Amino acid sequence: MRLRTANNKRRARAKRAFLRYWMTLKDNCQVCLGEKGGVRGNENRIRGLVACDYCHADGSARRMADAIASAASA
Ligand SMILES: [Zn+2]
(Lines give C-alpha, C1' and ligand atoms only; values in the text may rest on other atoms or scores of the structure.)
Protein backbone atom coordinates (compact mmCIF):
# COMPACT_ATOMS: atom_id res chain seq x y z
CA MET A 1 0.00 0.00 0.00
CA ARG A 2 2.83 2.37 0.79
CA LEU A 3 4.33 1.84 -2.60
CA ARG A 4 1.08 2.47 -4.35
CA THR A 5 0.44 5.74 -2.51
CA ALA A 6 3.91 6.98 -3.33
CA ASN A 7 3.38 6.10 -6.95
CA ASN A 8 0.06 7.95 -7.12
CA LYS A 9 1.66 11.01 -5.61
CA ARG A 10 4.44 10.90 -8.13
CA ARG A 11 1.98 10.58 -10.97
CA ALA A 12 -0.11 13.49 -9.72
CA ARG A 13 3.02 15.63 -9.52
CA ALA A 14 4.04 14.66 -13.03
CA LYS A 15 0.60 15.54 -14.31
CA ARG A 16 0.66 18.98 -12.69
CA ALA A 17 4.14 19.61 -14.07
CA PHE A 18 2.96 18.63 -17.52
CA LEU A 19 -0.06 20.93 -17.32
CA ARG A 20 2.14 23.82 -16.21
CA TYR A 21 4.44 23.17 -19.15
CA TRP A 22 1.47 22.87 -21.52
CA MET A 23 0.12 26.27 -20.45
CA THR A 24 3.37 27.98 -21.40
CA LEU A 25 3.39 26.57 -24.92
CA LYS A 26 2.35 28.72 -27.82
CA ASP A 27 -0.34 27.46 -30.13
CA ASN A 28 0.49 25.67 -33.36
CA CYS A 29 -0.45 28.53 -35.66
CA GLN A 30 1.74 28.33 -38.78
CA VAL A 31 0.96 31.91 -39.77
CA CYS A 32 2.03 33.96 -36.73
CA LEU A 33 3.77 31.03 -34.98
CA GLY A 34 1.74 31.67 -31.86
CA GLU A 35 2.73 35.35 -31.59
CA LYS A 36 -0.89 36.51 -31.56
CA GLY A 37 -1.60 34.46 -28.49
CA GLY A 38 -4.09 31.96 -29.84
CA VAL A 39 -5.18 29.22 -27.48
CA ARG A 40 -3.35 25.96 -27.93
CA GLY A 41 -5.67 23.22 -29.08
CA ASN A 42 -8.07 25.75 -30.60
CA GLU A 43 -6.40 26.13 -33.97
CA ASN A 44 -8.27 26.08 -37.27
CA ARG A 45 -7.16 24.36 -40.44
CA ILE A 46 -7.44 26.60 -43.47
CA ARG A 47 -6.56 24.90 -46.75
CA GLY A 48 -3.89 22.79 -45.12
CA LEU A 49 -2.53 25.56 -42.91
CA VAL A 50 -2.92 25.48 -39.16
CA ALA A 51 -4.00 28.94 -38.01
CA CYS A 52 -5.12 30.48 -34.73
CA ASP A 53 -8.44 32.30 -34.42
CA TYR A 54 -6.70 35.66 -34.84
CA CYS A 55 -5.03 34.79 -38.13
CA HIS A 56 -8.23 33.19 -39.29
CA ALA A 57 -10.28 36.26 -38.43
CA ASP A 58 -7.95 38.93 -39.88
CA GLY A 59 -7.35 37.04 -43.12
CA SER A 60 -3.63 36.38 -42.58
CA ALA A 61 -4.19 32.64 -42.88
CA ARG A 62 -5.99 33.02 -46.18
CA ARG A 63 -3.29 35.35 -47.57
CA MET A 64 -0.60 32.89 -46.55
CA ALA A 65 -2.47 29.98 -48.10
CA ASP A 66 -2.81 32.00 -51.32
CA ALA A 67 0.92 32.84 -51.29
CA ILE A 68 1.84 29.20 -50.83
CA ALA A 69 -0.54 28.13 -53.59
CA SER A 70 0.87 30.66 -56.05
CA ALA A 71 4.46 29.77 -55.12
CA ALA A 72 3.69 26.13 -55.68
CA SER A 73 2.15 26.74 -59.10
CA ALA A 74 4.87 29.16 -60.26
ZN1 LIG B 1 -1.89 33.00 -35.72
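Among contacts in the protein between residues at least 6 apart in sequence, what percentage join residues at least 24 apart? I looked this up before anything else, working from a predicted model. The figure is 13%.

**Entry: elements.** I listed the elements next. The protein has 3 helices and 2 strands. Read from the N terminus, their order is α-β-β-α-α. I then checked the radius of gyration, which is 19 Å, whereas the globule rule gives 11 Å for 74 residues; the value is well over the rule, so the protein is more spread out than a compact globule. I also took the box along the principal axes: the C-alpha atoms fill roughly 65 × 20 × 15 Å.

**Entry: burial.** I asked what share of the 74 residues counts as buried. The result is 14%. I then looked for the largest nonpolar core and found 6 residues in it. Its members are Cys29, Val31, Ala51, Cys52, Cys55 and Ala61.

I followed Val31 from that core. Leaving out residues up to four places away in sequence, I find Val31 touching Leu49, Ala51, Cys55, Ser60, Ala61 and Met64. Among these partners, Ala51, Cys55 and Ala61 are also members of the core. Ala51 lies in β2, which covers residues 49-51, and Ala61 lies in α3, which covers residues 60-73.

**Entry: helix α3.** I compared the length of α3 with its expected span. At 1.5 Å a residue, its 14 residues should span 20 Å, and the end C-alpha atoms are 20 Å apart, so the two agree. I also counted its buried residues. The count is 1 among 14, and α3 is hardly covered.

**Entry: positive phi.** Most residues other than glycine have a negative phi, so I noted the exceptions that came up. Which value does phi take in Leu33? It is near 55°, which is positive, and the residue is not glycine. Leu33 sits in the loop between α1 (2-24) and β1 (44-46). Is Leu33 buried or exposed? Leu33 is exposed, because it has 12 other C-beta atoms within 10 Å, and 12 or fewer is the cut-off for that class.

I made the corresponding check on Arg47. Its phi is near 45°, again positive in a residue other than glycine. Arg47 is placed in the loop between β1 and β2. Arg47 counts as exposed, since 12 C-beta neighbours lie inside 10 Å.

Notes. Residues numbered from 1 in each chain as written. Predicted model: local features only at pLDDT ≥ 70, side-chain atom pairs only at ≥ 80, totals over all residues. Core = buried A, V, L, I, M, F, W, Y, C linked by C-beta atoms within 7 Å. Buried ≥ 20, exposed ≤ 12 C-beta atoms within 10 Å, placed from the backbone. Contact = placed C-beta atoms within 7 Å. Helix = DSSP H or I, 4+ residues; strand = E, 2+ residues; numbered from the N terminus. Expected span 1.5 Å × (residues − 1). Rg over C-alpha atoms; globule rule 2.2 N^0.38 Å.
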